[in-house]
Amino acid sequence: MSTQTVNAPQAHDSMFEAVLARLDVAAKLMNLSEEVTKVLRNPKKEVKVSLPVVMDNGKIEVFEGYRTVHSTHLGPSKGGIRYALDVNADEVKALAAWMSFKCAVANLPYGGAKGGIKCDPRAMSVGELERLSRAYAKAMKDVFGVNRDIPAPDMGTSGREMAWILDEFNKVTGDDSPGVITGKPIAIGGSLGRDAATGRGVMVNTLAALKKMNLKPTDVCAVVQGFGNVGSHAARLLSEKGIKIVGIGDHTASFYNEKGINIKDALDFSAKNKGTLKGFTGATEIAHDQLLLCKCDVLVPAALQNVITEEYASKIQAKLIVEGANGPTMPEADHIINEKKIICVPDILANSGGVTVSYFEWVQNKAGYYWSEEEVNTKHDIKMELAFENVWNNATTFKTSMRIGAYISALQRIEQGVKLKGSY
Ligand code: NAD
């Protein structure tokens with residue numbers, strides 16, 4: 001694998017443009033057909049809805065809801081639903097495209113989609129969130145479908161929202177198909193292992209990369225940004241593999257302890273504090289903007305997009321970045337990471353464990369037969385290791401970064417699907 005710089009994409013205001021910039025670099029390197037490139041530069045379907053919701057004070061608030069289907073060349077579209085204040089059409093489009101590439105990298109029979117609602121879930125009551133989720137499900141009744149478009153949780157959503165959306169979708173359509181949504185609670189057709197799956201994928205990718213770098217897990221330390229679904233499970237699983245976690249952080253506080261943070265204590269603390277870390281005493285609190293720059297071998301950004309800017313990239317001390325979040329590295333930072341010979345396991349590979357187990361959930365729902373957690377984890381780890389190897393090999397063959405190698409892996413499969421079906 002080479003970390004040589006490949007025509008670094010330029011800075012972009014639009015997140016979707018940033019996706020296209022990397023797509024173009026990979027397409028050129030692998031000689032992707034012009035037709036397939038053109039098709040993938042344009043999402044298949046974009047839906048925007050207005051969602052009027054009665055708030056607890058009796059007043060009506062109207063929320064913006066989005067769903068973008070980027071591609072369906074390899075199967076029905078798949079992708080999460082995000083509740084956040086900065087949700088917008090461009091972001092949803094970018095995340096939908098990443099889902100197409102992520103599913104293809106993981107070799108899943110899916111295209112890509114993404115949805116979101118512009119709202120602040122932390123400022124809403126449970127009742128308001130339920131009414132909002134139900135309004136969204138109703139508005140998307142012609143978009144979602146067990147063999148059409150299958151949502152899942154993302155930032156700001158969890159099994160709870162998936163259960164409401166499933167219930168409302170089934171009421172509106174008259175269907176009873178649990179596979180129309182994944183990331184559900186276990187009691188209503190969720191899969192064992194789904195909750196921890198994205199963090200588990202981060203762990204498997206980290207171990208695979210360390211092996212290529214001839215580093216032992218017990219000899220390295222890591223910093224994890226974000227302590228939600230992805231970050232907390234990643235930190236726990238990495239520490240269980242012997243990696244010393246020296247830094248953690250969420251939107252309330254960031255912490256560093258060079259001797260290592262007891263992740264079980266941090267998890268217990270967060271569970272008792274509405275899922276936040278502010279006030280944790282097992283490490284020294286540091287400024288948020290210092291967390292990514294701390295001395296460590298492995299850096300796992302698992303919170304937000306665009307946190308690794310050019311400036312940050314030049315100061316990062318880690319040798320390995322494993323992208324738990326979607327889009328944490330800005331395209332213009334890629335070349336600095338490559339020049340510094342930092343190995344970066346890109347989001348479309350590193351966090352594909354979640355959609356992989358979502359796929360297993362869908363398969364189990366269709367079969368009406370459920371697997372043990374051990375079976376799910378074993379199948380997950382095998383798929384993830386194969387995906388890592390495929391990307392590593394492409395990066396080596398095409399003398400490029402793992403990021404572009406991952407795009408090439410995805411594009412090879414999508415191009416094959418398009419050609420075999422003979423339709424765009
Ligand atoms: P989550 O809502 O469970 O957790 C988000 C975490 O980020 C929280 O700990 C929050 O405090 C933290 N955070 C928010 N703002 C922050 C800030 N300014 N500084 C530091 N921390 C901040 O979300 P999640 O599901 O863990 O998703 C995190 C990322 O992983 C997102 O980019 C998401 O798209 C991606 N992702 C999630 C999944 C999944 O299965 N949940 C799968 C693939 C990718």
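This report walks through some charged pairs, buried residues, surface patches and backbone features of the structure shown above. The model is a predicted one, so please read each value below as computed from that prediction.

## Salt bridges

Let us begin with the charges. Side chains of opposite charge can pair when their charged atoms come close. In this model the count comes to 27 salt bridges. Three of them are set out in the table, each with the distance between the closest N and O atoms.

| Pair | Closest N and O atoms |
|---|---|
| Asp-149 and Arg-67 | 2.8 Å |
| Arg-134 and Glu-168 | 2.9 Å |
| Asp-297 and Lys-319 | 2.5 Å |

Take the pair of Asp-149 and Arg-67, which form a salt bridge. Asp-149 belongs to strand 5 (residues 149-153) and Arg-67 to strand 2 (residues 60-71), so this pair ties together parts that are 82 residues apart in sequence. Are these two partners buried or exposed? Asp-149 is buried because its relative accessible area is 1%, under the 20% cut-off. Arg-67 is also buried, with a relative accessible area of 1%.

The salt bridge between Arg-134 and Glu-168 connects two helices. Arg-134 sits in helix 4 (residues 126-139) and Glu-168 in helix 5 (residues 159-173), and the pair links distant parts of the chain, 34 residues apart. Both Arg-134 and Glu-168 are buried.

The salt bridge of Asp-297 with Lys-319 joins two loops. Asp-297 is in the loop between strand 9 (284-286) and strand 10 (298-301), while Lys-319 is in the loop between helix 9 (310-315) and strand 11 (320-322), so the pair ties together parts that are 22 residues apart in sequence. Here the partners fall into separate classes: Asp-297 is buried, with a relative accessible area of 14%, whereas Lys-319 counts as partly exposed at 39% relative accessibility.

Some salt bridges share partners, and in this way Glu-130, Arg-134, Lys-138, Asp-167, Glu-168 and Lys-171 are joined into one network. The pair of Arg-134 and Glu-168 from the table thus appears again among the members of that network.

## Two buried residues and their contacts

Next come two residues inside helices. Phe-101 has its place in helix 3 and is buried, with a relative accessible area of 1%. Which residues does Phe-101 touch, leaving aside those up to four places away in sequence? The contacts are Val-19, Leu-23, Leu-40, His-70, Ile-348, Tyr-407, Ala-410, Leu-411 and Ile-414. For another view of the fold around this residue, compare Phe-101 with Glu-17: the two are 84 residues apart in sequence and 15 Å apart in space, from C-alpha to C-alpha.

Asn-205 is found in helix 6 (residues 194-212). At 1% relative accessibility, Asn-205 counts as buried. When residues up to four places away in sequence are not counted, Asn-205 touches Val-322, Val-345, Leu-349, Ala-350, Met-384 and Phe-388.

## Surface patches

Now to the outside of the model. Lys-44, Lys-45, Arg-148 and Lys-421 form a positive surface patch. One of its members, Lys-44, is placed in the loop between helix 2 (34-40) and strand 1 (45-54). Lys-44 is exposed because its relative accessible area of 57% is over the 50% cut-off.

There is also a nonpolar surface patch of about 280 Å², made by Val-54, Ile-60 and Val-62. Within this patch, Val-54 is found in strand 1 and is partly exposed, with a relative accessible area of 42%.

## Two positive phi angles

Finally, a look at the backbone. Which phi value does Asn-107 have? Asn-107 has a positive phi of about 60 degrees, although this residue is not a glycine. Asn-107 lies in the loop between helix 3 (89-105) and strand 4 (111-118), and is partly exposed, with a relative accessible area of 44%.

Lys-341 has a positive phi too, near 60 degrees, in a residue other than glycine. Its place is in the loop between helix 10 (331-339) and strand 12 (343-345). Lys-341 is exposed, with a relative accessible area of 61%.

Technical notes
Residues numbered from 1 in each chain as written. Predicted model: local features only at pLDDT ≥ 70, side-chain atom pairs only at ≥ 80, totals over all residues. Heavy atoms only, no water. Patch = residues over 30% accessible without salt bridge, like charges linked within 9 Å, V, L, I, M, F, W, Y side chains within 5 Å. Areas by Shrake-Rupley, 256 points an atom, 1.4 Å probe, with all protein chains shown as cover. Salt bridge = Lys/Arg side-chain N within 4 Å of Asp/Glu carboxyl O. Lys, Arg positive; Asp, Glu negative; His and termini not counted. Charge placed at Lys NZ, Arg CZ, Asp CG, Glu CD. Helix = DSSP H or I, 4+ residues; strand = E, 2+ residues; numbered from the N terminus. Buried < 20%, exposed > 50% of the residue type's maximum accessible area, 1.4 Å probe, protein only. Contact = heavy atoms within 4.5 Å.
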